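Q: I would like a close look at a single part of this model, and then at what lies around it. Please define your terms as you go.

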Number of protein chains: 2
Amino acid sequence: MLEAERVDVLFAPEAAEMYPNGSVTTVVVSEVGDRLDGASRPGHFTGVATIVAKLFHVVGPARAYFGQKDAAQLAVLRQMVRDLNFDVELVGCAIVRDKDGLALSSRNKYLSAIEREQALVLHRTLLRLEQMIAEGERQSLTLARKGMETLNAVAGMRVDYLAIVDADTLLPTTSAETGMLVAVAAYVGSTRLIDNFMVA
Amino acid sequence: MLEAERVDVLFAPEAAEMYPNGSVTTVVVSEVGDRLDGASRPGHFTGVATIVAKLFHVVGPARAYFGQKDAAQLAVLRQMVRDLNFDVELVGCAIVRDKDGLALSSRNKYLSAIEREQALVLHRTLLRLEQMIAEGERQSLTLARKGMETLNAVAGMRVDYLAIVDADTLLPTTSAETGMLVAVAAYVGSTRLIDNFMVA
């Protein structure tokens, strides 16, 4: 796959190479790191920030690319880069979707055929909210209520969050304005999926 | 002073330059960071590790110099550099002493004439322990007992710790062997002073 993309170098270290003597040091991004997925998965973004800091030091990149599907992760890493003065440019990469609209994720392989069908409601919900916003609805409360209705109409769906937040701070906003993030996380069976879009 | 030392460049940023928008990110060195001065001053080494990480990113030094008087700080920073793969060499600088033996410290200016006199017991204690070790005494318990006796004989002295530890992990050792750290911290009046030596 990488050869087809004409990739020259792949750096994919084993855990033993990155942690030869274990590690007791962590990079903690508080506040933004404790919101959205950080609220659902305590400590998760500390692990992410720490390994990304290590990789930045080992590789010394001018630019680093992260998917916008993990919008909270991108916000946390932007905060880390700003706060710790890393000399690296973070580039967000647009969400890539399957033909049916499901955002690509390594986790999609855990979905049964039925769950896969159910999972489509994430994108469907976001499309509906995007349309409501395009038609002039800006109230976060109204949008969230409609979104939850759409999500909960699908059996086997357990919503973790549906949020309209500032894309940098991940703090909830009362109104969905340009540049803000509409993000959803839900369990389909035992698989946790996320998706989002930025308000145009 | 710096001109006399033929220093070409001084980077001494103001807080506003280092924290233009505040900061919510910290570098936490657990275990070693929670021992000795880290035990007495919770969170202290998190502040140290965070600002040093920032300075490393801003300056990009090949080598960075830290005084061995702050032995715990040096251990914490060595751990951070190893754990986060910083590409920088840490160089420890020998303790510099006044003519009377008191380790130089920006805090010495807070000492009254009497306190200054009392403070000399730190170095005197370390010299006595160094001599005992040279004469063959290796038992940490025996050494610590003798050291506490010497320190407590001086009025106005409040010992924070007297410890014989591994210089890397700062964990107590039962025996004072070559390369290990004998470290003391004590309040003279309201001024906290530290000093140490490495077992030869």
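A: A residue is buried if 20 or more other C-beta atoms lie within 10 Å of its own, exposed if 12 or fewer do, and partly exposed in between; C-beta atoms are placed from the backbone. The model is predicted: local features need pLDDT of at least 70, side-chain atom pairs count only at pLDDT 80 or more, and totals for chains, interfaces and linings use all residues. Residues are numbered from 1 along each chain as its sequence is written, and chains are lettered from A and ligands numbered from 1 in the order written.

The part to look at is strand 5 of chain A, residues 181-188. Start with how covered it is. Of the 8 residues in strand 5 of chain A, 7 are buried. Compare chain A as a whole: buried residues make up 32% of its 200 residues.

Now place the strand in the chain. Chain A has 6 helices and 6 strands (DSSP runs of H or I with at least four residues, and of E with at least two, numbered from the N terminus). Read from the N terminus, chain A gives α-β-α-α-β-α-β-α-α-β-β-β. The final three elements in that order are strands. Strand 5 of chain A pairs with strands 4 and 6 of chain A. Pairing takes at least two DSSP bridges between two strands.

Take one side of strand 5. Strand 4 of chain A covers residues 157-165, and 8 bridges join it to strand 5. The two run antiparallel. To find your way, look for A:Y161, which stands opposite A:A185 in strand 5.

Next comes strand 6 of chain A, residues 191-198. It is also joined to strand 5 by 8 bridges, and it runs antiparallel to strand 5. Here A:A186 stands opposite A:L193 in strand 6. Strands 5 and 6 of chain A form a hairpin, with 2 residues between the strands. In that hairpin A:G189 has a positive phi near 65°.

Two other residues have a positive phi, and they are not glycines. Most residues other than glycine have a negative phi. A:R6 has a phi of about 55°. It sits in the segment before helix 1 (15-18) of chain A. A:R6 is exposed because it has 6 C-beta neighbours inside 10 Å. A:N85 has a phi near 60°. Its place is the loop between helix 4 (71-83) and strand 3 (89-93) of chain A. A:N85 has 15 C-beta neighbours inside 10 Å, so it counts as partly exposed.

Back in strand 5, pick out A:A183. Leave aside its neighbours within four places in sequence. A:A183 is then in contact (C-beta atoms within 7 Å) with A:L36, A:A71, A:A163, A:V165, A:I194 and A:N196. Find those partners in the elements above. A:A163 and A:V165 lie in strand 4 (157-165). A:I194 and A:N196 lie in strand 6 (191-198). A:A71 lies in helix 4 (71-83) of chain A. Chain A as a whole has many contacts of long reach: residues 24 or more positions apart account for 58% of the contacts with a separation of 6 or more.

A:A183 also belongs to the largest nonpolar core, which has 92 residues. Such a core is a set of buried Ala, Val, Leu, Ile, Met, Phe, Trp, Tyr and Cys residues joined through C-beta atoms within 7 Å. A:A49, A:V76, A:A183, B:A49, B:V76 and B:A183 touch the most other members of this core. That list names residues of both chains, so look next at where the chains meet.

Chain A and chain B each give 21 residues to their contact. Strand 1 (25-29), helix 3 (44-59) and helix 4 (71-83) of chain B each give two or more residues to the side of chain B that touches chain A. The largest share, 5 residues, comes from strand 1 of chain B. Strand 1 of chain A, residues 25-29, pairs with strand 1 of chain B in the antiparallel sense over 5 bridges. A:V27 stands opposite B:V27 there.

A rotation of 180° with 0.0 Å of shift along its axis superposes chain B on chain A, with an RMSD of 0.0 Å. The two copies are thus related as by a two-fold rotation axis. B:V27 is the residue of chain B that comes closest to the axis, at 2.3 Å (C-alpha). The copies meet through the same surface, because 100% of the interface residues of chain B are also interface residues in chain A.

Note on methods: Contact = placed C-beta atoms within 7 Å. Least-squares fit on C-alpha atoms with pLDDT ≥ 70 in both.
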